[in-house]
Amino acid sequence: MSGSIEVRQFLLRYEGADGGSTSLSGGVPAQRGPSEGQRVSDDQVRRARLAVAAGALDVEDCVQLLEMLGLSPGDDGQAPVQR
């Protein structure tokens with residue numbers, strides 16, 4: 001990936017200095033039941049952001065992809081996919 005340091009710095013702005021674990025080996029999540037709703041967890045959003053960053057060509061590409069997928073935080077600090 002070209003510009004990977006820039007993309008990591010971009011993601012750190014949204015995830016804080018710790019960035020959480022970067023391991024993507026969490027496995028496939030179980031299907032949600034009808035009573036569990038459709039809420040996307042913070043970990044799922046973090047992993048999705050990392051996957052987008054891994055495929056992005058540069059920072060601008062990463063920003064555009066995150067916005068299109070609803071993964072960039074809104075004014076309230078929460079990603080649209082979590083609302």
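This is a short dialogue on reading two helices, α2 and α3, in a predicted model.

Biologist: Let's start with α3. Which of its residues are buried?

Modeller: Burial is judged by relative accessible area, with under 20% counting as buried. In α3, which spans residues 59–68, that picks out V59, C62 and L66.

Biologist: And where do those buried residues fall when seen down the axis of α3?

Modeller: They fall within an arc of 60 degrees, so they line one face of the helix. The face turned away from that buried side carries exposed residues: E60, E67 and M68.

Biologist: What should I look for at the start of α3?

Modeller: Look at D58: one of its side-chain oxygens comes to within 3.3 Å of the backbone nitrogen of E60. Then go to the other end, where G70, just after α3, has a positive phi of about 75 degrees.

Biologist: Now the charged pairs. How many salt bridges does the count come to?

Modeller: A pair counts when a side-chain nitrogen of Lys or Arg lies within 4 Å of a carboxyl oxygen of Asp or Glu. By that rule there are two. R46 pairs with D43, with the closest N and O atoms 2.8 Å apart, and D43 also pairs with R47, at 3.6 Å. Together, D43, R46 and R47 form a network.

Biologist: How are these residues placed along α2?

Modeller: R46 and D43 are three residues apart in α2 (residues 42–55), about one helical turn. D43 and R47 are four residues apart, again about one helical turn.

Biologist: Is R46 buried or exposed?

Modeller: R46 is buried, with a relative accessible area of 13%, while its partner D43 is partly exposed, at 35%.

Technical notes: Residues numbered from 1 in each chain as written. Predicted model: local features only at pLDDT ≥ 70, side-chain atom pairs only at ≥ 80, totals over all residues. Heavy atoms only, no water. Buried < 20%, exposed > 50% of the residue type's maximum accessible area, 1.4 Å probe, protein only. Arc of directions from axis to C-beta. Polar contact = N/O pair within 3.5 Å; in protein donor to acceptor, adjacent residues only side chain to side chain.
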